[in-house]
Amino acid sequence: MEEERKSSLEEKQNEIIVPFAEETKKKLTFLEVLGKLSPGKNLRIALDDILEGKSGALIVVDCPELKNLLDGGFRINTKFTSQRLAELAKMDGAIILSEDLKRILLANVLLVPDSKIQTNETGTRHKAAERTAKQTGTIVIAVSERRNKITLFYEDKKYMLESSENLLRRATETLHILEKQKEIFDDIIRNLNILEITKLVSAADVCSVLQRIEVILKMVETMKRYLTELGNQGIIIRMRIREMFKGLDHLEELILKDYSSKPQNTKKILSSITFEGVIDTESLSRMLFETASDTQIISRGYRLMEKLDIAEREKKIVMNNFENFQLILEASEEELSRVLKGRAIGFKKELEGLKEQILLGKKV
C-alpha cells in the first residue's frame with residue numbers, strides 16, 4: 001500500500017515537473033530574480049504576509065532537476081495567491097511553485113538535496129534551501145520566523161531581502177552621493193577640455209576622469225540592486241539616475257579611444273579594478289597607458305570632434321588625415337582644404353567656436 005502511495009505521488013509530480021524538462025529556457029540573472037521579489041509583486045506580498053503571521057516557509061521554484069530531490073508531500077496544482085501560499089506555509093514542508101510563479105504545484109514536501117554540498121547555514125530549513133539552490137540552480141526562498149528574515153538562494157548566491165523602507169533610505173542616500181559626484185565630474189571634464197585645447201594634458205589628468213567615471217559606474221551598479229528590489233517604489237530615483245548619467249559609458253569609450261592604443265583591453269582592465277585600485281593614480285596610469293602619471297599625452301580627438309556640428313563623414317576625413325587633435329587644432333585653412341575641399345572654412349569656424357566655448361569654461 002505504501003509503495004502504491006509513493007508511486008502515485010511520483011506520477012503526480014512527474015505530471016507537473018516533466019513538461020518543464022522538455023523546454024530550454026533562458027537562465028535568469030540575479031537582478032531579474034530580485035525583480036520578481038520586489039514590493040507589490042504577488043510573491044513578495046505572500047512572503048511579507050508569512051513574516052507578519054510569525055510563520056516560517058521554504059519555497060522552491062520548479063525546474064527539471066528538482067524532481068529528484070522531492071520526497072512526500074501532496075499535489076496542489078492550483079492558481080497562486082498570496083493567501084493560499086501563506087496558509088500552506090503553516091505546514092513544515094517545502095512548497096513548490098511553477099516556473100512562471102503562477103501556480104502552486106506541491107506542498108508539505110521534504111527536500112533531499114545532496115548532503116555533501118557545502119553550506120554555512122545552521123538551521124535545517126536554510127541548509128536545505130542553500131543546497132537545493134546550488135544543486136539545481138533554481139530559486140529557493142527561506143522565511144525564518146525566529147530571525148524574522150527572508151533569505152533568497154539562487155544558484156550559489158545568497159541574499160537577505162530588506163524592507164522597502166531600508167532600501168529606499170539606502171537608495172536615497174546613494175543618490176545624494178551620486179549627485180555630488182556628478183558635480184565634481186562635470187568640473188573635471190571642463191578642466192580636461194581646457195587642457196586638451198591648450199595641449200597640457202598629462203596621464204594623471206586622464207586618469208582622474210576615468211577614476212571618477214569608474215567610481216560612478218560602480219555606485220550605479222550597486223544602485224541597480226536596490227532599485228530592482230524596490231520595483232515601482234524606486235522609479236523616481238531610477239529616472240533621476242538615468243537622466244544624470246545618460247551617455248557616461250559612451251563618454252568613457254571616447255576617452256579611451258583618444259588616449260589608449262588598445263581601448264577595448266583598457267576598458268576590461270578598468271572594469272575589473274576595485275575601488276582601491278581605481279583611486280591609485282600612479283598605478284592606474286602605468287596599467288592603462290604604460291607611462292608615469294606626469295607624462296604629457298595627446299588626444300586623438302574623438303571626444304571633442306563629436307561636439308562639432310558637422311557631418312560625420314567630414315570628421316572621419318579630418319581624423320584620418322591628422323594624427324592627433326593637436327595637429328587638427330594647428331592646421332591652417334590651406335591644410336584643411338586639401339582634405340575637405342570647399343568645406344574647410346566651415347570646419348575651421350566650428351573648431352574655433354568650440355575652442356572659444358571651452359576657454360570660457362562653458363559646458364560643451
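**Salt bridges and a buried serine in the predicted model**

Lys218 counts as buried, because its relative accessibility of 17% falls under the 20% cut-off. The model discussed here is a predicted one, and this lysine makes a good place to start reading it. Lys218 forms a salt bridge with Glu214, and the closest N and O atoms of the two lie 3.3 Å apart. Both residues belong to helix H7, which covers residues 203-230. They sit 4 residues apart, about one turn of the helix. Glu214 is buried as well, with a relative accessible area of 2%.

A second pair involves Lys267 and Glu252, whose salt bridge brings the closest N and O atoms to 2.5 Å. Lys267 is found in helix H10 (residues 263-272) and Glu252 in helix H9 (residues 248-259), so this salt bridge ties together parts that are 15 residues apart in sequence. The two partners can be told apart by their accessibility: Lys267 is partly exposed at 25%, whereas Glu252 is buried at 1%. These residues also connect to the pair described above, since Glu214, Lys218, Glu252 and Lys267 are linked in a network of salt bridges. In general, side chains of opposite charge can pair when their charged atoms come close.

Across the whole structure, the search returns 24 salt bridges. One of them joins the side chains of Arg240 and Glu179, with an N to O distance of 3.3 Å. This pair links distant parts of the chain, as Arg240 lies in helix H8 (residues 235-244) and Glu179 in helix H6, 61 residues apart. Arg240 is partly exposed, with a relative accessibility of 30%. Glu179 is partly exposed too, at 24% relative accessible area; that value places Glu179 in the class between the buried limit of 20% and the exposed limit of 50%.

Helix H6 deserves one more look, this time at Ser164. The helix spans residues 164-197, and Ser164 is part of it. With a relative accessible area of 15%, Ser164 is buried, because this value is under 20%. Which residues does Ser164 touch, leaving aside those up to four places away in sequence? The contacts are with Pro39, Leu230 and Gln233. Of these, Leu230 has a number that also appears above, as helix H7 comprises residues 203-230.

Methods:
Residues numbered from 1 in each chain as written. Predicted model: local features only at pLDDT ≥ 70, side-chain atom pairs only at ≥ 80, totals over all residues. Heavy atoms only, no water. Helix = DSSP H or I, 4+ residues; strand = E, 2+ residues; numbered from the N terminus. Buried < 20%, exposed > 50% of the residue type's maximum accessible area, 1.4 Å probe, protein only. Contact = heavy atoms within 4.5 Å. Salt bridge = Lys/Arg side-chain N within 4 Å of Asp/Glu carboxyl O.
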